[in-house]
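Colleague: Before I take this model to the bench, could we go through the fold together, with the terms spelled out as we go?

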Amino acid sequence: MEKNHETAITQMRKSLEKIGISTQNYNDATLLRFLIARSIDIEKATKMFAEWKRWRDEFVPLGFIPDSEVPDELGDEKMYLQGLSAIGQHPVLMCKANKHFPSKDQLQFKKYVVHLLDKTISSSFKDGKEIGNEKLVAILDLEKISYKNVDARGFIIGFQFLQAYYPERLAKLYMLNMPWFFVRVWKMISYFLEKASLEKVIIVSNEEQRKDFVQQIGEDTLTVDYGGRGKLVLVQDVTINHFPA
């Protein structure tokens, strides 16, 4: 770890203790994510962590969102947890967008976002232990979507949660098979994204990009439809015993 990062983490711990937040259960890698997200600004990182802690305590009191709280979203069978990427060994979360429809229950949808992010991140824990710097790779397949599948609000909520409550957790987002009408939708959505988030989005639109996508994710992780040899695994079919702090 860089010396300036070590100093910043020490100062951040002191700042959090001053406002009554114990950092005993949070390792350096966790605090560093917040610092990086706020350009190593101690004051801003401390505020972000405090807001995250308050949100986490209120929104996720059990420490995780159980399947029983998101039955409608799970019932669509649209999200898949595909194991680890070939490059980076990040857990891979895939969405079949043509199976998604804008939610009528926004609270359940928000819980579903947390359920997905927590479960994906946790799936990469070695021996059930969190390091604190785990990242995920997301794949959004837009093949065969129609206007009824378009959910700009849901997309924005997902990114807002990532940016506010899961800093430095997203490694890459690959968008596949984007239809012409979604281009305008994406431009509108992108206005709500921070620059750091936008830089992690890759729209796969040509053969060279597709080959790199397969190489990054790995043939064992992707199914035949995407140039691999793996099988799709529904999120609800994956058992997780440990969740992120």
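Modeller: Two strands pair if DSSP finds at least two bridges between them, and helices (H or I, at least four residues) and strands (E, at least two) are DSSP runs numbered from the N terminus. This is a predicted model, in which local features need pLDDT of at least 70 and side-chain atom pairs count only at pLDDT 80 or more, while totals for chains, interfaces and linings use all residues. Residues are numbered from 1 along each chain as its sequence is written, and side-chain values use heavy atoms, with hydrogens and water left out.

Colleague: In what order do the five strands form the open sheet?

Modeller: The pairing in this sheet is mixed, and its edge strands, each pairing on one side only, are β1 (79-84) and β5 (201-203). The order of the strands is β1-β2-β3-β4-β5.

Colleague: Which residue stands opposite Leu93 in β2?

Modeller: Strands β1 and β2 pair in the antiparallel sense over four bridges. Their hairpin has six residues between the strands, and Gly88 takes a positive phi near 95 degrees there. The residue opposite Leu93 is Leu81.

Colleague: In β3, which residue is the bridge partner of Cys95?

Modeller: Cys95 is one of the residues of β2 (residues 91-96), where six of six are buried, buried meaning under 20% relative accessible area, exposed over 50% and partly exposed in between (1.4 Å probe, protein chains only). On one side of β2 lie Pro91, Leu93 and Cys95, and on the other Val92, Met94 and Lys96. Strands β2 and β3 pair in the parallel sense over five bridges, and the partner of Cys95 in β3 is Leu140.

Colleague: Which residue in β4 does Ile139 stand opposite?

Modeller: Strand β3 (residues 136-141) and strand β4 (residues 170-176) pair in the parallel sense, over six bridges. The residue in β4 that stands opposite Ile139 is Tyr174.

Colleague: How wide an arc do the buried residues of α7 cover around the axis?

Modeller: In helix α7 (residues 180-190), the buried residues are Phe181, Phe182, Val185, Trp186, Ile189 and Ser190. They lie on the same side of α7 because the arc, taken from the directions from the helix axis to the C-beta atoms, is limited. On the other side, Trp180, Arg184 and Lys187 are exposed. The arc of the buried residues is only 165 degrees.

Colleague: How are α1 and α3 oriented where their axes come within 9 Å?

Modeller: Axes here are lines fitted to C-alpha atoms, for helices over the stretch in contact (heavy atoms within 4.5 Å), with angles running from 0 to 180 degrees between N-to-C directions. Helix α1 (residues 3-18) and helix α3 (residues 42-59) cross at roughly 55 degrees, and residues that meet there include Ala8, Gln11 and Met12 in α1 and Ile42, Ala45 and Phe49 in α3. Angles under 35 degrees count as roughly parallel, over 145 as roughly antiparallel, 65 to 115 as roughly perpendicular and the rest as oblique. The angle therefore makes α1, relative to α3, oblique.

Colleague: What is the relative accessible area of Val214?

Modeller: Val214 has its place in helix α9 (residues 207-217). Leaving aside residues up to four places away in sequence, Val214 touches Glu219, Leu222, Tyr226 and Gly227. Val214 counts as buried because its relative accessible area is 15%.
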